[in-house]
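Reader: Please show me the model and then take my questions one by one.

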There are 2 protein chains.
Amino acid sequence: MEKLASDARPTRPNLAAVAALAGVSVSTASLAFSGAGPVSAATRAKVLAAAATLDYDGPDPRARSLRRGRSGIIGVVMEDRLRDAFRDPMNIALLDGIADEAGGGGVGLLLLTDNGAGDSGIAVAPLDAVVLVGCSRRLDESVAILRRRAIPMVAIEAEHRAGVLAIDLDNRAGSRVAAQHLRDLGHTHVAIVSLPIDDSRRSRPLRAEPATAGTGFTALERLRGARDVFPAIGGWVSNGSSIEEGVAAGIELLDHENRPTAIIAQSDLLAVGVIRAAEQLGLRIPHDLSVIGFDGARIDGVAPYDLTTLVQPAVEKGRAAGRAILEFLAGGTPQAVAFTSEFHAGNTTAPPMAASTRAN
Amino acid sequence: MEKLASDARPTRPNLAAVAALAGVSVSTASLAFSGAGPVSAATRAKVLAAAATLDYDGPDPRARSLRRGRSGIIGVVMEDRLRDAFRDPMNIALLDGIADEAGGGGVGLLLLTDNGAGDSGIAVAPLDAVVLVGCSRRLDESVAILRRRAIPMVAIEAEHRAGVLAIDLDNRAGSRVAAQHLRDLGHTHVAIVSLPIDDSRRSRPLRAEPATAGTGFTALERLRGARDVFPAIGGWVSNGSSIEEGVAAGIELLDHENRPTAIIAQSDLLAVGVIRAAEQLGLRIPHDLSVIGFDGARIDGVAPYDLTTLVQPAVEKGRAAGRAILEFLAGGTPQAVAFTSEFHAGNTTAPPMAASTRAN
DNA sequence: AGACGTGGTCGAATCGATTCGACTCTTGCT
DNA sequence: AGCAAGAGTCGAATCGATTCGACCACGTCT
C-alpha cells in the first residue's frame, strides 16, 4: 500500500532536494552552484556536501536552458550525408576552426543536415546559433525556418541573405587568378572540372552555357572567375569533391583527340583525381597537361607533385564563424568577413607543348 | 513613459499567445501541435491559423525537453581535437553509421571532446545518450560523469565498464590473423607500427615490453594479437593514425641494416605511410618488404597497391551504436555487439626474399 | 427513458532551475 | 547608543510547454 521503495529514490535528485538536505532555500542552493551572487563559504560547503551525498551533479541543463533561454548548442548545417560532407578536408578544417573558437565554455557543435523536411532537426533542435556550411541546396528553406525561430545565422560562402552573416572567400577572384596563370603560360584550350552546380547531383558535361543561378554557389563563383578569362570555358560537372570524381571527370575530358592542354579543377581533391586520370592515360604532368586546383588542402597522395592551387584559409574561416557566433550570443552585431585565397605556384602547371610537337 | 513599442512585440510568441488568439486553452493548443490526443479538425485549423498569424513555429524545444525529459540530442565523445578525430576515416564511417541509424526523427549528433574538465560540455550538455568513440584517454572520468548524470552510454572498442554498452571489434583476433599470415609466408623479422598507446602522445620506439594497461585500448588489443604469434615483436608507436605518422615510423624502422622483412601497421593510414617510406628508401613492395594494415579503409593514394589488411565493418559499428541508443531511449536494454574483421589478401605481402639474395 | 461510453476541451500541476526584490542580521561609524 | 550600509538568505514569479484528471454534451445501447 505505502510506496516504500519508490519513495526512497523515485527520480534523480534535483536542486530542491539538495537545498532541503543542506537546510537552505532553493535559491541559495542555486546561487551556490552558479557562483553568481553572494554566498558565504560555509553555506556553499554545506550545499556541495549535500549534493555529494545525494549524488547530485549540478543543475539539469534542460531546465537551465529553458530559464536562461540558452542551450549552449551551436548547430552546424551541412549537406545531406555526413559522409559526403566529411570527405572534403575543407569542411573538416572549418569545423575544427569553429570548435576551436567557439567550442570552449560548455558549447557544443550539433551536426545537422538540411535534407528538407522538419525531420532534419533544424526545426526542432535547441539551438543558440547556426553555421550554414556547404548547404546551398536548400538554403532558402533553412534560412526561412531559422529566421522564424530567431536564431542567429552565419553562412560560409553562400549567397547573401538578409539576416545571415556572411563569411566569404574570394572564389571568383581566386579562380580568375588561376585562369590568368594558365593564359599567361600560353594555354588556350582549357577545361574546367566543377563542383556540383545544381540539385540534380548528376555528373554531366559543362557546356559554355551562361552561369545561371544554380544552387552551388561556390561552384558558380569559381566558374565565373574562370570565365572572366576564358569566357566560353566548358568541361565537366562533378557530383562532389572527391578524388574518384576527379578521375572520372579527367577520363571524360582527356580520353580523346582534341583534349585540353590545361584543366582547372575547382578543388584539390578533384585536381588530384584529374592527375591520376592523366597518368592512367599516359599523359605527363605538367608536360602534356597542366592541372590547377583550389583549396590548398595538401592532400596525401599527390606526391611527387606539388599541386598548383589557391590556398584558402579554411581553419581561419571556421574561426571567424566561431567568433561571429560568440559575438551574436554576447548581444553584439558581428561584421561580415571576407577572406582571400593565395596563389601557390607548384609544379603541375607549365606552358603547353607546341601543337606541332605533341605526340598523339 | 508608457511602454508602447515594447508592448507590441517584446518577446517571441509562445503557445499561450497562440491559444489566446485562437480562442482555445493552452492545453488544446498543445494537443493541436503535438498531434497526440483527440482534437477536432476545426479546432486544429483555428490553432494553426493563429500560429501562422503570430509567426509562431511550434513549441520551444527547450521547454519541451524540460517537460519531456528528452532533448533529442545524442553526444558523440571523441578525442580532444576534432581535426585529429576526423582525420581517421574509420571515425567518419562510424559517425555516418550512427547518424544513419539514429539521426532521423529530430535527433542530432552533438560533437564533444573529453579533454578533461567540465568545459568539455560532457558535464553540462543536454544529452539523451552518448557514444564514446576513440576516447580511451580519459574514459574513466567521462564514464563517471555520465554515470552520475544517468545518461546511457555506448562505447566503441573501449575497455568494458559497468553500465557502458560495448560495441566491440575482434582487434586481437584480427591482428593475430595478420601476424599468422606473415608467419605463414615465412617472415620471422617482423615489426609493428602501433596506434598511440599511452597518454603521452609522443611517438617512440616500441620495445618488447609487456603490453601493460595503457589507455590505447584498440592499440593494445591489436598489439596483443600480433604478440600471440610473434611474442617479442617490437616496432614503433605512432602518435596518431595518419599517413605522415606512417611515413615517419617507416623511416625509423627501415632506414638501417637490420631492417624487418615485414611490417604490421595498426591502421591502413599508417600502412600507406610505411609503404611511402619504403618507396623513398628504394624498397620494393612486397618484394623487399611486406606491409599489412588494418581497417579496410580503401584509401586514395595506395595505387598501384592493393593493401593486404583486415576489413572492419566501420559503418556497421556505427549503425549498431545508433540502434543501441534508440533501444535505450525506448526503455529497452540493448545487447552488446561484437563485430569481426575480415582478412583481405592484397598484393602488399609476399614471402621474404631469401637472406642470401637480399641486395643491401 | 435512463445509464453508459466517448470525443472534445479545459484547469491545474509539473518539469527544474534562475533571478529579482525584499527581508534580516551584522558590522562600522559618529 | 543609534543608524546606515551591505553581506547573506529567502519567497515567489517565471521560462514554455506537456499531460493527467475532470468535465460537458451528445449519441447509443438495452
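Reader: Which residues of helix 2 of chain A meet helix 3 of chain A?

Author: This is a predicted model, where local features need pLDDT of at least 70, side-chain atom pairs count only at pLDDT 80 or more, and totals for chains, interfaces and linings use all residues. Residues are numbered from 1 along each chain as its sequence is written, chains are lettered from A and ligands numbered from 1 in the order in which they are written, and side-chain values use heavy atoms, with hydrogens and water left out. Contact means heavy atoms within 4.5 Å, and the partners in helix 3 of chain A are Val26(A), Ala29(A), Ser30(A) and Phe33(A). On the helix 2 side of chain A, the residues are Leu15(A), Ala16(A) and Ala19(A).

Reader: At what angle do helix 2 and helix 3 of chain A pack?

Author: Helices (H or I, at least four residues) and strands (E, at least two) are DSSP runs, numbered from the N terminus; here they cover residues 15–22 and residues 26–34 of chain A. Axes are lines fitted to C-alpha atoms, for helices over the stretch in contact, and angles run from 0 to 180 degrees between N-to-C directions. The two helices of chain A are therefore roughly perpendicular (angles under 35 degrees count as roughly parallel, over 145 as roughly antiparallel, 65 to 115 as roughly perpendicular and the rest as oblique). Their axes are 8 Å apart, and the angle is about 105°.

Reader: How is helix 2 of chain B placed against helix 4 of chain B?

Author: Their axes come within 8 Å and cross at roughly 120°. That makes helix 2 of chain B, relative to helix 4 of chain B, oblique.

Reader: Which residues of helix 4 of chain B make that contact?

Author: Helix 2 of chain B contributes Ala17(B), Val18(B), Leu21(B) and Ala22(B). From helix 4 of chain B come Lys46(B), Val47(B), Ala50(B), Ala51(B), Thr53(B) and Leu54(B).

Reader: Which residue of chain B meets Arg148(A) in a salt bridge?

Author: A salt bridge is a side-chain nitrogen of Lys or Arg within 4 Å of a carboxyl oxygen of Asp or Glu, and this pair has an N to O distance of 3.5 Å. The pair crosses between chains, from helix 8 (residues 139–148) of chain A to the loop between helix 4 (41–54) and helix 5 (61–68) of chain B. Arg148(A) is partly exposed at a relative accessible area of 35% (buried means under 20%, exposed over 50%, partly exposed in between; 1.4 Å probe, protein chains only). The partner in chain B is Asp55(B).

Reader: How many residues apart are Arg319(B) and Glu101(B)?

Author: The side chains of Arg319(B) and Glu101(B) meet in a salt bridge at 4.0 Å, N to O. The pair links distant parts of the chain, helix 13 (residues 314–329) and helix 7 (residues 89–102) of chain B, and the separation is 218 residues.

Reader: Where does Glu316(B) lie relative to Arg319(B), its salt-bridge partner?

Author: The closest N and O atoms of Glu316(B) and Arg319(B) are 3.0 Å apart. Being three residues apart in helix 13 of chain B, the two are separated by about one helical turn.

Reader: What relation do chain A and chain B have?

Author: A rotation of 180° with 0.0 Å of shift along its axis superposes chain A on chain B, with an RMSD of 0.0 Å (least squares on the C-alpha atoms of residues with pLDDT of at least 70 in both). That is the relation of a two-fold axis.
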